[in-house]
Amino acid sequence: MVILKLLIATAAAIGSVTAQQTLDTTNNAAVLAACKAAMPALKQFFPDNNSGLGSWIETYTDKRGLIQWHETGIYWDFFYQYYGFTGDATYNDWVDLQMQLAVGPNVGFLDAMSATTGRWNDDIGWWGLAVLTAAESTKNGIIAPKNIIDGGNPKYIDVANNTYFQMYGDWDDSCGGGMFWSRNRHTKKINDAYYKSAITNAQHVEMGARLYVYTGGEMYKKIVDRVYNWMKTSMMIDPVTYAVYDGLDSQSCSLSPDMYSYHLGELIAGLSIMYKKTQDQTYLDEAHKFFAHVKSFFTVNNVLYDPLVGPTPSRPNGYLWPVYKSLGYLYAITPSQTVKSDISLIFAATAQFLFQSCDSNWYCIRNLDPNTDHTLWNGTSPRDQFDVVALLNALAMATTPTVQRVQDLTPNPDAQGGSGAGDGKNAASASAGASPALMYGGIAGGVALLILGAIVGVVIFRKQKQKKVEAAMGRRGGGGISKNDYYNGRGNGRENERDRRNDGYDSRQQERGGGGGGPRPSPGAPRKGQAGPPMRSPDPRNERSGSRGAPGNGARQQSQSRNGGRNGGGGGGPQRGNDRDRRNDGYDSDSYEKGRGGRGGGGGGRGNSRR
């Protein structure tokens, strides 16, 4: 009898953990409640698994990864999105303190980490989009308002704007234009140095559209149109199907045949926002065409997936996080009831697939085999919660507008650099009977102390950040990494990981396919199970059947073709040679209207000023 009771109790416990969570995706109140419930698990594992520089640990060893730096940028965006449509500031102070570490004193993401992370324009783009979300959610918001440090509290909008123009600084006229994927023109990987990726340019379209709405500056509209039109004229966007190819080699202008969902996600978001701002129907028509391709190529029974990741929907899938967001934008903006209905069907089916691991508290993280890459050491998979929160946020954004709120500026006494104002009444009483000489002397002394305190604060802030960089050098590559190796991109997970098999994940952007070996095929080269090079207008259905019919080969070769990308040799930060001395359409660093806005210059990794 005792044994029977234990068996019943065990079965009940297992049922409570594995029972699928259900949600009426059309019920706004239920969606908002689910968003709130899912956030604690999103935060849960970060404190014990972070780099000390505002990001997750990327790698435990050279053979075991966790969460890539660019994915941390998307991670922070989830929290800022949540605040924007709920007004719940529970996580703001914590997120801002992490963002303060990542940004540092140079108002951008090309600081101490530039050699190992900011070498990639799409990587800094995800972080730029996150702080842009924060700017949209706050009135003149600054980073970490409760932890005031001289030079450590730039405006969100300044950081976003700087990042936007740092990316745009990597535009040149080869193949008619476009921005490079890598910031390093001297990388040993030639394909990296000359590759112009669709995701970098698509991100820039979304960032430009949102900056246009935020600032009203017509310059942003001109750049959005310039970037988008180049993507079309370069044939990176198929003029018939609206498939988006992964990028092109600017030496030959040949296109990669690979297609991923997030390219379309960024473009749908940017074009939808441009339509809302301008009411120009052309933008919305283009967004609808991309959505039609999402439906035809990236869904199975209305569940979103990526054919090059696997023949059926799988999780976690980082490519889809921007797609969920973009469908939330499109649903909120389009007047088409047909499009809204189609998006609702996709949301409902995808939610049913993703929520099957969620318990009653919206904890959706699976415990996988401990040997599974990109999980914690025990197999816990934090990215599962990324999937769920990305979709829940998109559901909320579809029906709940972001509201710009005033930041809470109350100093945090527990935060580094926090200041106390003292007791005003006592100060007034103490000075009431003091002589003028003593009073003025006290004022002068107080000013001197404030100046000294500010200097000490800056020194402490920089030293602490340097210590964290040095500590991170030991964590990111399994320990024993020299400082030169760290800053040259070795031993940090962006070198050896790129060429290894890794159980369906790849350190470039979560899951590039099934890992895989072999040299990167030349851009546009046909692959097993795929159509030939799509120089003009291939029928993507051929590629789709090839990718789905032989997912192993297609995915693995793609993993290598892109993984070969980020291994590129040393070099710390952008090295653009003569490009740095060229004029750049008349923009400078004086304002949003003329370039980068905010605090310019500074930092060894920020060599992106345009003269």
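Start by selecting six helices in this predicted model: H3 (69–86), H5 (121–137), H8 (198–215), H10 (261–278), H12 (320–333) and H14 (383–399). Each of them supplies at least two residues of the lining of the largest pocket. Give H12 its own colour, since you'll want to find it again: H12 contributes the most to that lining, with 4 residues.

Now put a surface on the pocket itself. Its volume is about 590 Å³. The lining has 22 residues, and to get to the middle, show Glu-136, Lys-276, Tyr-329, Pro-401 and Thr-402 as sticks; these are the closest to the pocket centre. Colour the lining by chemistry and you get 9 nonpolar, 8 polar and 5 charged residues.

Next stop: the rings. The whole structure holds 37 aromatic pairs. Select Phe-78 and Trp-321, which sit edge-to-face, 6.1 Å centre to centre with 75 degrees between the planes. What does this pair tie together? Phe-78 is in helix H3 and Trp-321 in helix H12, so the contact joins parts that are 243 residues apart in sequence. You may need to clip the view here, as both Phe-78 and Trp-321 are buried.

Jump over to Trp-171 and Trp-230 for another edge-to-face pair, this one at 6.2 Å centre to centre and 65 degrees between the planes. Trp-171 lies in the loop between helix H6 (156–168) and helix H7 (190–194), while Trp-230 belongs to helix H9 (residues 218–233), so parts 59 residues apart in sequence are tied together. Trp-171 and Trp-230 are both buried as well.

Back to Phe-78 and Trp-321, and widen the selection. Ring pairs link them into a cluster with Phe-46, Trp-56, Tyr-75, Trp-76, Phe-79, Tyr-82, Phe-85, Tyr-91, Trp-94 and Phe-386.

While the rings are on screen, check two with a charge over the face. Arg-185 lies over Phe-180, 4.0 Å from the ring centre. Lys-340 does likewise over Tyr-331, at 4.4 Å from the ring centre.

Last stop: Met-99, in helix H4 (residues 92–103). Is Met-99 buried or exposed? Its relative accessible area is 0%, so Met-99 counts as buried, the cut-off being under 20%. Show its neighbours: leaving out residues up to four places away in sequence, Met-99 touches Trp-76, Tyr-80, Phe-109, Trp-127, Val-131 and Ile-143. Draw a C-alpha to C-alpha distance from Met-99 to Ile-143 and you'll get 7.1 Å, though the two are 44 residues apart in sequence. Trp-76 is worth a second look too, being one of the rings in the cluster you selected earlier.

Note on methods:
Residues are numbered from 1 along each chain as its sequence is written. This is a predicted model: local features need pLDDT of at least 70, side-chain atom pairs count only at pLDDT 80 or more; totals for chains, interfaces and linings use all residues. Side-chain values use heavy atoms; hydrogens and water are left out. On a 1 Å grid over the protein atoms alone, a cavity is a set of points where a 1.4 Å probe fits but cannot get out, and a pocket is an open set with protein on both sides within 12 Å along at least five of seven lines; lining residues have an atom within 4 Å of a point. Grid points are joined across faces, edges and corners, and a volume is the space filled by probe spheres set on the points. Ala, Val, Leu, Ile, Met, Phe, Trp, Tyr, Cys and Pro count as nonpolar, Asp, Glu, Lys and Arg as charged, and the others, Gly among them, as polar. Rings of Phe, Tyr and Trp (its six-membered ring) pair if their centres lie within 6.5 Å; planes under 30 degrees apart count as stacked, over 60 as edge-to-face and the rest as tilted. Buried means under 20% relative accessible area, exposed over 50%, partly exposed in between (1.4 Å probe, protein chains only). A charge sits over a ring if NZ of Lys or CZ of Arg is within 6 Å of the ring centre and within 35 degrees of the ring normal. Contact means heavy atoms within 4.5 Å.
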